[in-house]
Amino acid sequence: MYKLIEYVDRKINFTRAKAHCDVPCGIYDPSSALIDALTVVRMVDLIKEHLEKGAVQDGEFYNRLTRLITTKEDHAEKVKHEVRVIWGDFIKQEHIEKFPEIHSLVHEIMQLGSKDKQGVDRESAVKLVEKVNRFAEIFWEIKGVKTKRVKAPYAPNLEVVHPDL
Amino acid sequence: MRQTLKLFTPIFNILKIVKVWGDSMSPLYSDGDYVFISSIPLLFNKIKENSVIVFKSPLYGILIKKVCGSDADKGLFYVKGINPSSLSSETIGPVKKNDIIGTVLLHIARK
């Protein structure tokens, strides 16, 4: 039965449903890094909103502020981790030759990730999203998959690159 | 062959064959397995907890995951993989009913 379906699949290409995981199964996807980068921007926005509210600076105030900052830091670090793994494990010499910008792009992402951990500069956080978008475009081009830019359906509603399946 | 198969398009709209790509549903479904999915249970609101669904994710593309909860009022479903290494339910986010392509009816394992 399997061989029959596989034969038909080769002729008409059935839909692929991804069963994502983080174990070394050869599945790489920059989507996680993009979500993390969007989270950094969102946290910057929420931190600024929180400070501008002028709320009483009591325990609740500092608790929420600390949580927002911690989440921003965690996700900026996750961006760096996800991009490093794809760059280190998936990208091969022939990809570097085809996309010579890849090393400097990854280095910029590392630097921006650190900068966004240290501060609350929205422009820098948005730049991080844009650099990860470019990284995603390169990744999917290597995979031979077309991409499209869509606006994330949640705040901060920035454009993200994802595969046009 | 391709022309002949096109004749079966109406059938494919309610019964589709999908190839599993990845191991987050392992050991139930493994990379390379095929599943038959149908949209009929969706029409009769038969998607329950532990149903395995194939759906469109705005950020991840087409995914296969197990339903682990739902919000009937908002028509949202919460999903997760079976393998502990799967993306978490929070990372995937709630799945809208309209984004569900079908539920798994039959499994054809690779081995």
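**View 1. Asn50(B), a partly exposed loop residue in a predicted model.** Asn50(B) has a relative accessibility of 49%, so it counts as partly exposed, the range for that label stopping at 50%. You'll find Asn50(B) in the loop between α3 and β3 (52–57) of chain B. Its backbone is worth a look too: phi is near 80°, a positive value in a residue that isn't glycine.

**View 2. Asn13(A), an asparagine with positive phi in chain A.** Here phi is near 55°, and again the residue is not a glycine. Asn13(A) sits in the loop that links α1 (2–12) with β1 (15–18) of chain A. With a relative accessible area of 56%, Asn13(A) is exposed.

**View 3. A cis peptide bond ahead of Pro156(A).** The bond running from Ala155(A) to Pro156(A) is cis, and its omega is near 15°. Look for Pro156(A) in the loop between β2 (147–151) and β3 (159–163) of chain A.

**View 4. Lys72(A), a buried lysine without a salt bridge.** Lys72(A) belongs to helix α3 of chain A, which covers residues 59–90. The nearest side chain of opposite charge is that of Glu73(A), 5.0 Å away; a salt bridge would have to be within 4 Å. What does the side chain of Lys72(A) reach at 2.9 Å? That would be the backbone oxygen of Gly119(A). Leaving aside residues up to four places away in sequence, Lys72(A) touches Val40(A), Met43(A), Val44(A) and Ile47(A), along with Asp116(A), Lys117(A), Gly119(A) and Val120(A).

**View 5. A nonpolar patch on the surface of chain B.** Ile14(B), Leu15(B), Ile40(B), Leu43(B), Phe44(B), Leu105(B) and Leu106(B) together make a patch of about 680 Å². Helix α3 (40–43) and strand β7 (100–108) of chain B each supply at least two of the patch residues. Leu43(B) is one of the patch members and is found in helix α3. Its relative accessibility is 65%, so Leu43(B) counts as exposed.

**View 6. Chain B as the setting for the patch and for Asn50(B).** Chain B has 4 helices and 7 strands, which run α-α-β-β-α-β-β-β-α-β-β from the N terminus. Of its 111 residues, 48% are buried. Take the contacts in chain B between residues at least 6 apart in sequence: 48% of them join residues at least 24 apart. The accessible surface of chain B is about 6100 Å², with 56% of that belonging to carbon and sulfur atoms.

Note on methods
Residues numbered from 1 in each chain as written. Chains lettered and ligands numbered in written order. Predicted model: local features only at pLDDT ≥ 70, side-chain atom pairs only at ≥ 80, totals over all residues. Heavy atoms only, no water. Buried < 20%, exposed > 50% of the residue type's maximum accessible area, 1.4 Å probe, protein only. Lys, Arg positive; Asp, Glu negative; His and termini not counted. Polar contact = N/O pair within 3.5 Å; in protein donor to acceptor, adjacent residues only side chain to side chain. Contact = heavy atoms within 4.5 Å. Patch = residues over 30% accessible without salt bridge, like charges linked within 9 Å, V, L, I, M, F, W, Y side chains within 5 Å. Areas by Shrake-Rupley, 256 points an atom, 1.4 Å probe, with all protein chains shown as cover.
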